[in-house]
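Hi,

Here is the structure I said I would pass on. Have a look at it first, and my notes follow underneath.

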Amino acid sequence: MNKLSSFFESRAFGVCTYWGERFGIASASIRLFFIYLSFFTFGSPIIIYMGMGFLMNMHKHLRNNRKPVWDI
């Protein structure tokens with residue numbers, strides 16, 4: 001089970017891990033919340049999750065590719 005969990009952690013966007021670290025909650029609890037909420041609301045949290053993942057990846061990309069002003 002740990003091998004499966006680490007596989008998804010490395011391949012996923014890390015949205016649940018980010019929110020878990022930010023609020024001090026276990027990321028597994030946040031994942032379960034997303035899963036249960038998506039069953040009750042017919043999948044709309046999946047769209048929100050994908051949007052947050054996209055924004056987090058864009059933020060990482062922009063932060064890593066930024067060059068200092070004096071290196072022109």
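Let me start with one residue and work outwards. S38 sits in helix 3. Is S38 buried or exposed? Its relative accessibility is 14%, and the cut-off for buried is under 20%, so S38 counts as buried. Setting aside neighbours within four places in sequence, S38 is in contact with G43, P45 and I46. Bear in mind that this is a predicted model.

Now the wider view. The protein chain contains four helices and zero strands, so if you read the elements off from the N terminus you get α-α-α-α. Of the 72 residues in the protein chain, 18% are buried, and S38 is one of the buried residues. The accessible surface of the protein chain is about 6400 Å², with 69% of that belonging to carbon and sulfur atoms. As for contacts between residues at least 6 apart in sequence, 47% of them join residues at least 24 apart.

On to how the helices pack, beginning with the pair that involves S38. Helix 3 and helix 4 have axes that come within 8 Å and cross at roughly 135°. That angle makes helix 3 and helix 4 oblique to each other. Which residues meet there? From helix 3 you have F34, L37 and S38, and from helix 4 there are P45, I46, Y49 and M52. Sorted by class, the contact of helix 3 with helix 4 has six nonpolar residues, one polar and no charged.

Next, helix 2, which covers residues 15-23, against helix 3, residues 27-40: they pack at an angle of about 125°, and their axes are 8 Å apart. Helix 2 and helix 3 are therefore oblique to each other too, and helix 2 passes helix 3 in a right-handed crossing. On the helix 2 side the residues are C16, T17, W19 and G20, and they meet S27, I30, R31 and F34 of helix 3. The class count for the contact of helix 2 with helix 3 is four nonpolar, three polar and one charged.

The last pair is helix 2 with helix 4, the latter spanning residues 44-64. Their axes are 9 Å apart and the packing angle is about 80°. How are helix 2 and helix 4 oriented to each other? Angles of 65 to 115 degrees count as roughly perpendicular, so that is what helix 2 and helix 4 are. V15, C16, Y18 and W19 in helix 2 meet Y49, M52, G53 and M56 in helix 4. By class, the residues of the contact of helix 2 with helix 4 come out as seven nonpolar, one polar and no charged.

If you are picking residues to look at in the viewer, a few turn up in two of these contacts. F34 meets helix 2 residues and also helix 4 residues. Y49 and M52 of helix 4 are listed against helix 3 and against helix 2. C16 and W19 of helix 2 face helix 3 residues as well as helix 4 residues.

Cheers

Key:
Residues are numbered from 1 along each chain as its sequence is written. This is a predicted model: local features need pLDDT of at least 70, side-chain atom pairs count only at pLDDT 80 or more; totals for chains, interfaces and linings use all residues. Side-chain values use heavy atoms; hydrogens and water are left out. Axes are lines fitted to C-alpha atoms, for helices over the stretch in contact, and angles run from 0 to 180 degrees between N-to-C directions. Angles under 35 degrees count as roughly parallel, over 145 as roughly antiparallel, 65 to 115 as roughly perpendicular and the rest as oblique. A crossing is left-handed if the near helix is turned anticlockwise from the far one by less than a right angle, and right-handed if clockwise. Contact means heavy atoms within 4.5 Å. Ala, Val, Leu, Ile, Met, Phe, Trp, Tyr, Cys and Pro count as nonpolar, Asp, Glu, Lys and Arg as charged, and the others, Gly among them, as polar. Buried means under 20% relative accessible area, exposed over 50%, partly exposed in between (1.4 Å probe, protein chains only). Accessible areas come from the Shrake-Rupley method with a 1.4 Å probe; for residues, only the protein chains shown count as cover.
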